[in-house]
Protein chains: 2
Amino acid sequence: MSDDRELQEAVARFVRAFGLHQPDQTPCGQPVPVSEAHALGELARDGALRQSDLAHRLRLEKSTTSRLVTQLINRGWAERTPAPDDGRGVLVQLTPHGMKAAARLAEARAERFSAVLDRVPEGERADVLRALSVLTEAMDET
Amino acid sequence: MSDDRELQEAVARFVRAFGLHQPDQTPCGQPVPVSEAHALGELARDGALRQSDLAHRLRLEKSTTSRLVTQLINRGWAERTPAPDDGRGVLVQLTPHGMKAAARLAEARAERFSAVLDRVPEGERADVLRALSVLTEAMDET
DNA sequence: GCCGTCTGGTTGCACCATGCAACTATCTAG
DNA sequence: CTAGATAGTTGCATGGTGCAACCAGACGGC
């Protein structure tokens, strides 16, 4: 029946409404490319990461990740250090500057999402969060 | 409180899990660029559209939309005709070929989403759909 | 210790996505 | 009829991605 169809439309609308098309700024209005924002988020949360690990989390190809990290470095937000246990790998880590950038970003996100949540009827907020998780998990398994 | 934070993480994960990064194929596995897929969907659903109208729906700049339409035309999926009521505008419309492409796409989407919904516990499907709508609406108003 | 293979990264190449600005054609008010 | 708004097109600059080719270090079997 039409649950599929509804979900399709719902997702399509969601994607557009969220403004994920913009390549050079986050949907939250920060002048930071989307990919960099994702990377920044992971690095800020979990500290130093192997580049390959980062690629895996962001679901990006290693080459893309490599360039992404290079960009972060060019902004002075991250640095590469040789992996201690494996001569091939590198560890990526935020600089203090990068930490600040991540914090700014997080704040902007919080503001945006807070505003969005304000528009969601009080009683449904938990449902929305839960639904999103359920959906993501389901997509992950597919 | 941390509802914001949860929502942020949830959305970020959702975006990645859905694979929206891929520029040259839909998250549903079809070898069609994402933008074209969106456009195709609108045109298949509502028939002929003014290019500016399409731009508005896809939340894209008119120039981007213009090129997007050109690509559809190059694939033989759409055609431009002068707008009957306004000498400046053009109407964009799918060709039979485009209709077929849209149908294929819709089917692939349905398959993917059907698979996803299968992983969502029966009782929660309606909630998920509803939550997504609520969230989209909330984002729209922001 | 050596060789074949695997794995993490980097770089070259091709393509897609987007916006802004400048320009043309057309429409609309006064 | 002219000034200003609107629909589209095209040039230019940025960004995002993957795949393939290539390099270097790691690992296993002999």
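A residue is called buried if 20 or more other C-beta atoms lie within 10 Å of its own, exposed if 12 or fewer, and partly exposed in between, with C-beta atoms placed from the backbone. Keep that in mind for the first stop. This is a predicted model, in which local features need pLDDT of at least 70, side-chain atom pairs count only at pLDDT 80 or more, and totals for chains, interfaces and linings use all residues. Residues are numbered from 1 along each chain as its sequence is written, while chains are lettered from A and ligands numbered from 1 in the order in which they are written.

**Stop 1: Arg59 in both chains**

Select Arg59(A), in the loop between H3 and H4 of chain A. Helices here are DSSP runs of H or I with at least four residues, numbered from the N terminus. Arg59(A) is partly exposed because 17 other C-beta atoms lie within 10 Å. Now look at its backbone: phi is positive, about 60°, although Arg59(A) is not a glycine. Most residues other than glycine have a negative phi. Next, select Arg59(B), in the loop between helix H3 (51-58) and H4 of chain B. Its phi is near 60°, again a positive value in a residue other than glycine.

**Stop 2: Glu42(A)**

Move to helix H2 (residues 34-46) of chain A and pick Glu42(A). Is Glu42(A) buried or partly exposed? It counts as partly exposed, because it has 18 C-beta neighbours inside 10 Å. Leaving aside residues up to four places away in sequence, Glu42(A) touches Leu49(A), Leu54(A) and Arg57(A); a contact means that the C-beta atoms, placed from the backbone, lie within 7 Å. Then add Ala102(A), 60 residues away along the chain: its C-alpha atom is separated from that of Glu42(A) by 9.5 Å.

**Stop 3: where chain A meets chain B**

Show both chains together. Here 48 residues of chain A are in contact with 48 residues of chain B. On the chain A side, the elements giving two or more residues are helix H1 (3-18), H2, helix H5 (96-119) and helix H6 (125-141). Colour H1(A) for the largest share, 15 residues. By class, this side of chain A has 25 nonpolar, nine polar and 14 charged residues. (Ala, Val, Leu, Ile, Met, Phe, Trp, Tyr, Cys and Pro count as nonpolar, Asp, Glu, Lys and Arg as charged, and the others, Gly among them, as polar.)

Try superposing the copies, by least squares on the C-alpha atoms of residues with pLDDT of at least 70 in both. A turn of 180° and a shift of 0.0 Å along the axis lay chain A on chain B with an RMSD of 0.1 Å. That is the relation of a two-fold axis. To find the axis, select Ala131(A), whose C-alpha comes closest to it among the residues of chain A, at 3.1 Å.

**Stop 4: the DNA strands**

Which residues are closest to DNA strand C? Of the 27 that surround this strand, select His21(A), Ser52(A), Ser63(A), Pro33(B) and Gly87(B). A residue is near a strand if its C-beta atom, placed from the backbone, lies within 6 Å of it. H4(A) gives the largest share of the surface near DNA strand C, four residues.

Finish at DNA strand D, which has 29 residues around it, the nearest being Pro33(A), Gly87(A), Ser52(B), Ser63(B) and Ser66(B). H4(B) gives the most to the surface near DNA strand D, with five residues.

Conventions:
Two residues are in contact if their C-beta atoms, placed from the backbone, lie within 7 Å.
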